Amino acid sequence: MTIRNFTEATLTAEVLRRIEATPNPRLKQVMTSMVKHLHAFVREVRPTQDEWFEGIKFLTETGHWCDDKRQEFILMSDTLGVSMLVDFINYGKEGQETESTVLGPFFVEGAPELPMGASIVKPGTVGEPCVASGCVKGADGKPIAGAVIDVWQAAGDGFYDVQTPDGPNLRARFRTGADGKYHFKCVRPASYPVPHDGPVGRMLVATGRHPMRPGHLHFMIEAPGHEKLVTHLFVRGDEYLDSDAVFGVKDSLIVDFEKTADGAYATRYDFVLKPARQSARAA
Ligand code: BEZ
Ligand code: FE
C-alpha cells in the first residue's frame, strides 16, 4: 500500500514505521528515539525555512572545522553538557572510588613514559613550578602496582602543546611501583578558554556564555582488573569552578595547590579505582 499525503500529525508515525524492520535492535532503538526527539524538537521550535537552513549551515561548518587536531563536534558535545551526561551514565558514582570527568580534546595517545618523579615541563614553559603526588589504590584501599598514569595539562598561558608548534610538552605516562605511589613535576594549572575561534565559540557568545575552564590537571589511569579512570584535579579557589564551560567540576575533584617552602606549589591526591565490570553493558 502506498501511503502519501502526510500531515504534520501523521508524518512521524510513518517515518517510525519505515525503520521498524531495522535488523540491529540497538540501532533500531537509537534511530527510533532520534526520529521521535528530532520531530518533537521541530514541532516545538517551529523553525522558518531560513532558520532550519541556518542550523544546517552551522552543523556543516562544525564539520569543516574538524581535522586530526581539532574536533569541533566533541567541543559542541562538551559545551552542551552531553559529554558529561554520557560520563554520568557510564561511570556514575558508587562508593569511595574517584569520580570521573570529561576527557576533552587534548589527550594524545602514546605520550612519553617517564621515570617516577620526573618533570613533564620542557625548559622555557610558562607556568609556576608544582609537584603532584599521591597513590593509586583499589576500592579495598590497597595500593595498585603497575597502574599506568597518563597526565596532561595546559601551560600557565592556557595552551596545550598540541595548540602550539613546540612539540610534546606537559604530558607523560608514569607507571606505579609496588607502593602504588606517584609523583611528578608539572606547572600549577591555570584557567584557560576552550577553543572558541570556531562555530562553537560563536554559539557560546550568542548564548551569553564564556569559554573558560577552571585550572586542572588531566589524568587517565589504567590498571589490570580495574576500570579505566578519566578525571581531573581542579585547583581550589579558581574563579571558574562554578561556571566551567564544559560542566566537568565535581566537589570531590577540587584539591589544594599550596605553596611550599621552596617556592613551588604542591598537591596530593589518592586515586581510588573501581574494580573492572563483569560485562560490557549493565542490564
Ligand atoms: C580540556 O580540559 O582540555 C577540555 C575539555 C573539554 C573541551 C575543551 C577542552
Ligand atoms: Fe584541560
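**A pocket with two domains in its walls**

Okay, let's start with the largest pocket: its lining takes at least three residues from domain 1 (11-46) and at least three from domain 2 (72-282). Keep in mind that this is a predicted model.

Those two domains are the ones that the domain assignment gives for the protein chain. Their C-alpha centres lie 37 Å apart, and still both domains contribute to the lining of the largest pocket.

So how big is the volume of the largest pocket? It's about 450 Å³. There are 15 residues lining the pocket, and the ones nearest its centre are Leu 38, Phe 41, Trp 52, Gly 55 and Leu 59.

Which helices should you look at? Helix H2 (25-45) and helix H3 (49-64) each give at least two residues to the lining. H3 has the largest share there, with six residues.

What kinds of residues make up the lining? We've got 12 nonpolar ones, two polar and one charged.

Now let's zoom out to the protein chain. You'll find six helices and 12 strands in its secondary structure. Along the principal axes, its C-alpha atoms fill a box of roughly 80 × 45 × 30 Å.

The chain has 283 residues, and 40% of them count as buried. Its accessible surface is about 16100 Å², with 58% of that belonging to carbon and sulfur atoms.

One last thing, on contacts. Take the ones between residues at least 6 apart in sequence: 70% of these join residues at least 24 apart.

Terms used: Residues are numbered from 1 along each chain as its sequence is written. Chains are lettered from A and ligands numbered from 1 in the order in which they are written. This is a predicted model: local features need pLDDT of at least 70, side-chain atom pairs count only at pLDDT 80 or more; totals for chains, interfaces and linings use all residues. Side-chain values use heavy atoms; hydrogens and water are left out. On a 1 Å grid over the protein atoms alone, a cavity is a set of points where a 1.4 Å probe fits but cannot get out, and a pocket is an open set with protein on both sides within 12 Å along at least five of seven lines; lining residues have an atom within 4 Å of a point. Grid points are joined across faces, edges and corners, and a volume is the space filled by probe spheres set on the points. Helices (H or I, at least four residues) and strands (E, at least two) are DSSP runs, numbered from the N terminus. Ala, Val, Leu, Ile, Met, Phe, Trp, Tyr, Cys and Pro count as nonpolar, Asp, Glu, Lys and Arg as charged, and the others, Gly among them, as polar. Domain bounds come from an automatic or database domain assignment. Buried means under 20% relative accessible area, exposed over 50%, partly exposed in between (1.4 Å probe, protein chains only). Contact means heavy atoms within 4.5 Å. Accessible areas come from the Shrake-Rupley method with a 1.4 Å probe; for residues, only the protein chains shown count as cover.
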